[in-house]
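Let's take a look at a protein model together and see what can be read from it. We'll start with its open space and then move on to its charged side chains.

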Amino acid sequence: MKLGYYPDVVNENATRIVAFSVVVIGVLSILFPNPYLLGFLLFGFTARLSYGPKYEPFAWLTANWIVPKLKISFIGTAGPPKRFAQAIGFSFALAALILYFFNPGTAYNIVLGILVFFASLESFLGFCAGCFFFGILMKLGIIPQEICERCNNLSFNK
């Protein structure tokens, strides 16, 4: 699999479960600041951003064990907006790690709090803020039309 690959269609239900792992790691990172949790959080976003769920531990566990064992249905959703959301999450996780080393105080807690808030929206309510802003950027012409056409022509059946 090449670097930069992200699936065109992802399982919305699996995405919500993975977002819950971000909530848990984010809350633990706020309560018990340490570089290992932050590194794991950053690794997760990096792996999902680069390869989708294939090499990220929680996404792999969700796709290969939790979803099949619990017979969670496949609800297809476009991958490009989810990848955009992963890029935003990556940015927040990186900022938190940098803040940890320079000043793990209020700014650190705010950055992680924002990340946990938006991951909670995804996990508990199914609202992807990154996807929402992706749509706005498409309407403004900042995201290329080819991406929009690719999203519109996807088959969401597994």
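The largest pocket here has a volume of about 830 Å³. Keep in mind that this is a predicted model.

So what surrounds that space? The lining of the largest pocket is made up of 36 residues. Tyr6, Thr15, Val18, Lys82 and Gln86 are the ones that lie nearest its centre. Sorted by character, the lining has 25 nonpolar residues, seven polar ones and four charged ones.

Which helix gives the most to the lining of the largest pocket? That would be α4, with six residues. Plenty of other elements chip in, though: β1 (9-11), α1, α2 (35-51), α3 (57-69), α5 and α6 (129-139) are among those that each supply at least two residues.

Now for the charges. Side chains of opposite charge can pair when their charged atoms come close. In this model, the count comes to three salt bridges. Here they are, with their N to O distances:

| Salt bridge | Distance (N to O) |
|---|---|
| Glutamate 12 and lysine 82 | 3.2 Å |
| Arginine 48 and glutamate 56 | 3.1 Å |
| Lysine 82 and glutamate 122 | 3.0 Å |

Let's go through them one by one. In the salt bridge of glutamate 12 with lysine 82, the partners come from distant parts of the chain, 70 residues apart. Glutamate 12 sits in helix α1 (residues 12-31), while lysine 82 belongs to helix α4 (residues 79-102).

Lysine 82 turns up again, this time in a salt bridge with glutamate 122. That pair also links distant parts of the chain: lysine 82 in α4 and glutamate 122 in helix α5 (residues 106-125), 40 residues apart. Put the two salt bridges together, and Glu12, Lys82 and Glu122 are joined into one network through shared partners.

Are these side chains buried or exposed? Glutamate 12 and lysine 82 are both buried. Lysine 82 counts as buried because its relative accessible area is 4%, and the cut-off is under 20%. Glutamate 122, at 7%, is buried too. Remember that Lys82 is also one of the residues nearest the centre of the largest pocket.

That leaves the salt bridge between arginine 48 and glutamate 56. Arginine 48 is buried, with a relative accessible area of 5%. Its partner, glutamate 56, is buried as well, with a value of 2%.

Definitions and conventions
Residues are numbered from 1 along each chain as its sequence is written. This is a predicted model: local features need pLDDT of at least 70, side-chain atom pairs count only at pLDDT 80 or more; totals for chains, interfaces and linings use all residues. Side-chain values use heavy atoms; hydrogens and water are left out. A salt bridge is a side-chain nitrogen of Lys or Arg within 4 Å of a carboxyl oxygen of Asp or Glu. Helices (H or I, at least four residues) and strands (E, at least two) are DSSP runs, numbered from the N terminus. Buried means under 20% relative accessible area, exposed over 50%, partly exposed in between (1.4 Å probe, protein chains only). On a 1 Å grid over the protein atoms alone, a cavity is a set of points where a 1.4 Å probe fits but cannot get out, and a pocket is an open set with protein on both sides within 12 Å along at least five of seven lines; lining residues have an atom within 4 Å of a point. Grid points are joined across faces, edges and corners, and a volume is the space filled by probe spheres set on the points. Ala, Val, Leu, Ile, Met, Phe, Trp, Tyr, Cys and Pro count as nonpolar, Asp, Glu, Lys and Arg as charged, and the others, Gly among them, as polar.
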